[in-house]
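Please look at the sequence and the three-dimensional structure shown here, and then follow the description below from the sheet outwards to single residues.

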Amino acid sequence: MKRNIYRLEDIKRKLKIARFSPLDVMVTGVTGAGKSTTLNSLFGKEVAEVGRECDPQTMELNVYYLNNAFRLRDTPGLGDGVEKDKVYEKKLIDLLYKDYYLDSAQYGFIDLVLVIVEGVNRDMGTTYHLLNNIILPNFPKY
């Protein structure tokens, strides 16, 4: 238990030096890649409902607080069809452009993007699209 407390204090100390808190991480990837499962592993318990079979579970942006210093944002996966993907892409881009001001300086709301890649799937086209057309061109450079 002391180790967890140590890491929490270490994270808080580093975020204070960096002058932002909490650290916001967007967790994204294709449908069924294991985004919610990854979140559950990070928390050591089930916080995000996991889809079964081929039905996606995460349909909206969900936020999970590891503690006051660290938030993870589960996102809908891409690859559920052209129309659904357009809706999800807009939500991802809107989240990437969300910002705030601190001491007259502008900062992006999302500090880090964690892309979960499914190792079994040989079709990397949707992941490539996610990285090159959604994340990279829309991640603000403050």
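How many bridges join strand 1 to strand 3, and do the two strands run parallel or antiparallel? Strand 1 and strand 3 run parallel, and five bridges join them; within this pairing, Val25 has Leu72 of strand 3 as its bridge partner. Before going further, it should be said that this is a predicted model.

**The fold as a whole**

The protein contains four helices and six strands, which follow one another from the N terminus in the order α-β-α-β-β-α-β-β-β-α. Of its 142 residues, 35% are buried. When contacts between residues at least 6 apart in sequence are considered, 62% of them join residues at least 24 apart.

**The open sheet**

Four of the strands form an open sheet in the order 2-3-1-6, and the pairing in this sheet is mixed. Its edges are strand 2 (62–67) and strand 6 (112–116), each of which pairs on one side only. On average, neighbouring strands of the sheet are turned by 25 degrees against each other, with direction ignored. In general, the strands of a sheet pair through backbone hydrogen bonds, and this can happen in a parallel or an antiparallel way.

The pairings of the sheet, together with the hairpin pairing described further on, are set out here.

| Strands | Sense | Bridges |
|---|---|---|
| Strand 1 and strand 3 | parallel | five |
| Strand 1 and strand 6 | parallel | five |
| Strand 2 and strand 3 | antiparallel | five |
| Strand 4 and strand 5 | antiparallel | four |

Single residues show how these strands are matched: Val27 stands opposite Leu114 in strand 6, while Asn62 has Asp74 in strand 3 as its bridge partner.

Why can strand 1 be called largely enclosed by the rest of the structure? Seven of the seven residues of strand 1 are buried, so the strand is largely enclosed by what surrounds it. In a regular strand the side chains alternate between the two faces of the sheet. Both faces of strand 1 are covered, with Leu23, Val25, Val27 and Gly29 buried on one side and Asp24, Met26 and Thr28 buried on the other.

Two helices lie across parts of this sheet. Helix 3 (residues 82–97) lies across strand 1 (23–29), strand 3 and strand 6, and runs at about 160 degrees to strand 1. Helix 4 (residues 125–138) lies across strand 1 and strand 6, running at about 160 degrees to strand 6.

**The hairpin**

Strand 4 (residues 99–102) and strand 5 (residues 105–108) pair in the antiparallel sense, and they form a hairpin with two residues between them. In the turn, Asp103 has a positive phi of about 55 degrees, and in the pairing itself Tyr101 has Gln106 of strand 5 as its bridge partner.

**Val30 and the cavity**

Val30 is found in the loop between strand 1 and helix 2. Is Val30 buried or exposed? Its relative accessible area is 8%, and because a residue under 20% counts as buried, Val30 is buried. Leaving aside neighbours within four places in sequence, Val30 is in contact with Lys35, Gly77, Leu78, Ile116, Thr126 and Thr127. The C-alpha atoms of Val30 and Leu78 are separated by 4.5 Å, although these residues are 48 residues apart along the chain.

Val30 is also one of the residues that line the largest cavity, along with Val117, Glu118, Asn121, Asp123, Met124 and Thr127. The count comes to one cavity of 30 Å³ or more, and about 30 Å³ of space lies in the largest cavity. By class, its lining has three nonpolar, two polar and two charged residues.

**Three further residues**

Asn40 lies in helix 2 (residues 35–43) and is buried, with a relative accessible area of 12%. Not counting residues up to four places away in sequence, Asn40 touches Lys45, Glu46, Val47, Ala48 and Val50.

Tyr65 lies in strand 2 and, with residues up to four places away again not counted, touches Phe43, Phe70 and Arg71. Tyr65 and Val47 are 18 residues apart in sequence, and their C-alpha atoms are 9.8 Å apart in space.

Lys141 has its place in the segment after helix 4, where it is exposed, with a relative accessible area of 72%. From C-alpha to C-alpha, Lys141 and Gly108 are 8.0 Å apart, with 33 residues as their distance in sequence.

Definitions and conventions:
Residues are numbered from 1 along each chain as its sequence is written. This is a predicted model: local features need pLDDT of at least 70, side-chain atom pairs count only at pLDDT 80 or more; totals for chains, interfaces and linings use all residues. Side-chain values use heavy atoms; hydrogens and water are left out. Buried means under 20% relative accessible area, exposed over 50%, partly exposed in between (1.4 Å probe, protein chains only). Contact means heavy atoms within 4.5 Å. Two strands pair if DSSP finds at least two bridges between them. Axes are lines fitted to C-alpha atoms, for helices over the stretch in contact, and angles run from 0 to 180 degrees between N-to-C directions. On a 1 Å grid over the protein atoms alone, a cavity is a set of points where a 1.4 Å probe fits but cannot get out, and a pocket is an open set with protein on both sides within 12 Å along at least five of seven lines; lining residues have an atom within 4 Å of a point. Grid points are joined across faces, edges and corners, and a volume is the space filled by probe spheres set on the points. Ala, Val, Leu, Ile, Met, Phe, Trp, Tyr, Cys and Pro count as nonpolar, Asp, Glu, Lys and Arg as charged, and the others, Gly among them, as polar.
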